[in-house]
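User: I am new to reading protein models and would like a close look at how one helix is packed against its neighbours. Could you take me through it slowly, and then show me how the surroundings fit in?

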Amino acid sequence: MVHLKLETLRLNDEDQVVGPRNFKPTSTQICDEVVRWWKEEPVAEDLLIDTLFERLNRRRSNWSVTKDELYHALKSHNLYTNEVNELKTYDDMIQPSYLTDSDMDQVDKKLMDKVSIVDSEFGKGLIATQDVPKGGMIVHESLPLSVIPQLDKQPLVARGKCCGVCSAFTTLSSQLIIKNNLDCNSCDTIWCSKQCKKLDITHSILKHPTSRNPLCSSVDWIKFENFCLKESLYSAYAVGVLYARHALQPTSNLWEIFTSLCSVSQKVRWQASDSTNVGGTFDASSNGKLGSDVTTPTMETQWSLAFGMFSKAFPKCELNNEDFLNFTGTFNLNQTMGQVYPLTAHINHSCEPNVRYDLEPKYGIKVYARKDIKKGDQLFLTYVNPLHGVTLRRRELRVNYGFICNCARCMQEWETRQKIVNHPSNILTDSETTTTARRKSSMKMARPSLKELLENGDEFDLEIPSEVNPRRRLSVRFNSHVTLAVEEE
Ligand SMILES: [Zn+2]
Ligand SMILES: [Zn+2]
Ligand SMILES: [Zn+2]
């Protein structure tokens, strides 16, 4: 049992050097810098333009930017607004899920014990069909639609360094692996358990150049996989894995379920993204490595190259480029930590969720009540880190899921922010005390209940700075202070 305690440190990472302001950044450079700063300091995203301008000037002491230029750069890239209705959303373009209770019944009767799929004001959702007390389990999906092995571990898988399915580094000796028949006869792949080996039904057709299966050219699959890895097109790879399972077992209902989930073209999604994604807001699973500018033709080219390789890998596949983009959009809208759990995927979002999930070591997911749930209540999970401020939460949701969150918490926090906007007396003065006071109030705003959230920390990613003391594993950043959960001595 690891005991965590909270520790707050002051950082001094702002650029304080004063020199001539002789560098004129482009609008993209401004957005990149601001998004990078917000990534380091999420609460700064709630700041108003005057404070943003003042702080940016302190960060980049050689930049020559006017407040107007900053405002227009951010506004034109959907990064700043006082009027949420101005932001580009795409929820009206999302095709809702077609799945019903009886489709899910066919997957597993027990799944539907306590929930039902219904139409709600947020689209398809899940409601409780009985009371569930706080802490009670409400959904248990023991396997995702099909396990999608981690893309970035594939080079290690090919060398037998980790399990071909779950990517775990195995502690078994090579004798034990051979004795338990956990190695492949034709390549260097190994599996950590009999269960993982059994789940890897596409291994030989995807990974053995000698397989000669007419459904799949493994040479081309490996090219596709490498391309997806290089370009961080995680969802393209995931669609490829799901399609391969379907091609090999066409009688399973995997593909039917997958293609019945809510969907929108990936193209619609990347067009709604902010200018350059340097902060990795869009499709966090691709680590934000989406090329220099997601709105340039680069994305279009990358995706059509990926589709070309996918088609070569599956010569009998009749999907076209548009289908492929729709399915990658489907994957992104419905995935949880890189896997698709079809029932859990129906749970809508709220920044004050009434359920949370735990992933099980061998691919299962369990959804628990965070508070007492009454029969007929809709279930809500949070899709974003609930420790983030309203502006960042709304941006992440808008970019990745196409909607502006209007949950009670967002409405209240946004209203607080608007009060500051609408009261000229509250607008920034040069006085450091005002800034500090406002920072404190926005910190309070961004921290619903740190203790409770940390206790339930599995359901969202905490920001983990890459170069910190490894003992400081979970960290959440606020302003020039960092709050860390560190192991107790
Ligand atoms: Zn495994
Ligand atoms: Zn093999
Ligand atoms: Zn919200």
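Analyst: In this predicted model, helix α10, which spans residues 234-248, and helix α14, which spans residues 321-334, have axes that come within 9 Å and cross at roughly 100°. An angle from 65 to 115 degrees counts as roughly perpendicular, and α10 and α14 are therefore roughly perpendicular to each other. On the α10 side the contact is made by Ser235, Ala236, Ala238 and Val239, and these meet Phe324, Phe327, Thr328, Phe331 and Asn332 in α14. If you sort the residues of this contact by class, you find six nonpolar and three polar ones, with no charged residue.

α10 also packs against a second helix, α9, which covers residues 218-231, and here the axes come within 8 Å and cross at roughly 150°. Angles over 145 degrees count as roughly antiparallel, so this pair, α9 and α10, is roughly antiparallel. The residues that meet are Phe224, Glu225 and Cys228 from α9 and Tyr234, Ala236, Tyr237 and Gly240 from α10. The contact of α9 with α10 divides into five nonpolar residues, one polar and one charged. Ala236 is worth finding on the display, since it takes part in the contact with α9 and also in the contact with α14.

Where does α10 stand in the interior of the protein? The largest nonpolar core has 69 residues, and those with the most contacts inside it are Ile138, Cys228, Val239, Ala306, Phe310, Val355 and Leu379. The largest share of this core, eight residues, comes from α10. Two of the names just given have already appeared above: Cys228 belongs to the α9 side of the contact with α10, while Val239 belongs to the α10 side of the contact with α14. Phe310 links these places as well, because, by the cut-off of 7 Å between C-beta atoms, and leaving aside its neighbours within four places in sequence, Phe310 is in contact with Phe224, Gly240 and Phe324. Of these three, Phe224 lies in α9 and Gly240 in α10, and Phe324 lies in α14. As a general background, nonpolar side chains in soluble globular proteins tend to be buried together.

There is also a second, separate core of 18 residues, which includes Leu47, Leu56, Val65 and Ala73. Ala73 leads us to another helix, α3, which runs over residues 67-76 and in which Leu70, Ala73 and Leu74 are buried. Seen down the axis of α3, these buried residues fall within an arc of 90°, so they line one face of the helix. An α-helix has 3.6 residues a turn, so residues three or four places apart point the same way. The face of α3 turned away from the buried side carries the exposed residues Asp68 and Ser76. Among the elements that cover the buried residues of α3 are α1, residues 27-40, and α2, residues 49-59.

Just beyond α3 the chain enters a loop that leads to α4, and His77 is found there. His77 counts as buried because 20 C-beta neighbours lie inside 10 Å, and its C-alpha atom is 9.9 Å from that of Lys88, eleven residues away in sequence. Asn78, which follows α3, has a positive phi near 60°. Val84 sits in the loop between α3 and α4 too, but this residue is partly exposed, with 17 other C-beta atoms within 10 Å. The C-alpha atom of Val84 is separated by 9.7 Å from that of Thr391, although the two positions lie 307 residues apart along the chain as a sequence separation.

To place these details in the whole, the protein chain has 18 helices and twelve strands, and of its 489 residues 38% count as buried. Of the contacts in the chain with a separation of 6 or more, 69% join residues 24 or more positions apart.

Conventions
Residues are numbered from 1 along each chain as its sequence is written. Chains are lettered from A and ligands numbered from 1 in the order in which they are written. This is a predicted model: local features need pLDDT of at least 70, side-chain atom pairs count only at pLDDT 80 or more; totals for chains, interfaces and linings use all residues. Axes are lines fitted to C-alpha atoms, for helices over the stretch in contact, and angles run from 0 to 180 degrees between N-to-C directions. Helices (H or I, at least four residues) and strands (E, at least two) are DSSP runs, numbered from the N terminus. Angles under 35 degrees count as roughly parallel, over 145 as roughly antiparallel, 65 to 115 as roughly perpendicular and the rest as oblique. Ala, Val, Leu, Ile, Met, Phe, Trp, Tyr, Cys and Pro count as nonpolar, Asp, Glu, Lys and Arg as charged, and the others, Gly among them, as polar. A residue is buried if 20 or more other C-beta atoms lie within 10 Å of its own, exposed if 12 or fewer, and partly exposed in between; C-beta atoms are placed from the backbone. The arc is that of the directions from the helix axis to the C-beta atoms. A nonpolar core is a set of buried Ala, Val, Leu, Ile, Met, Phe, Trp, Tyr and Cys residues joined through C-beta atoms within 7 Å.
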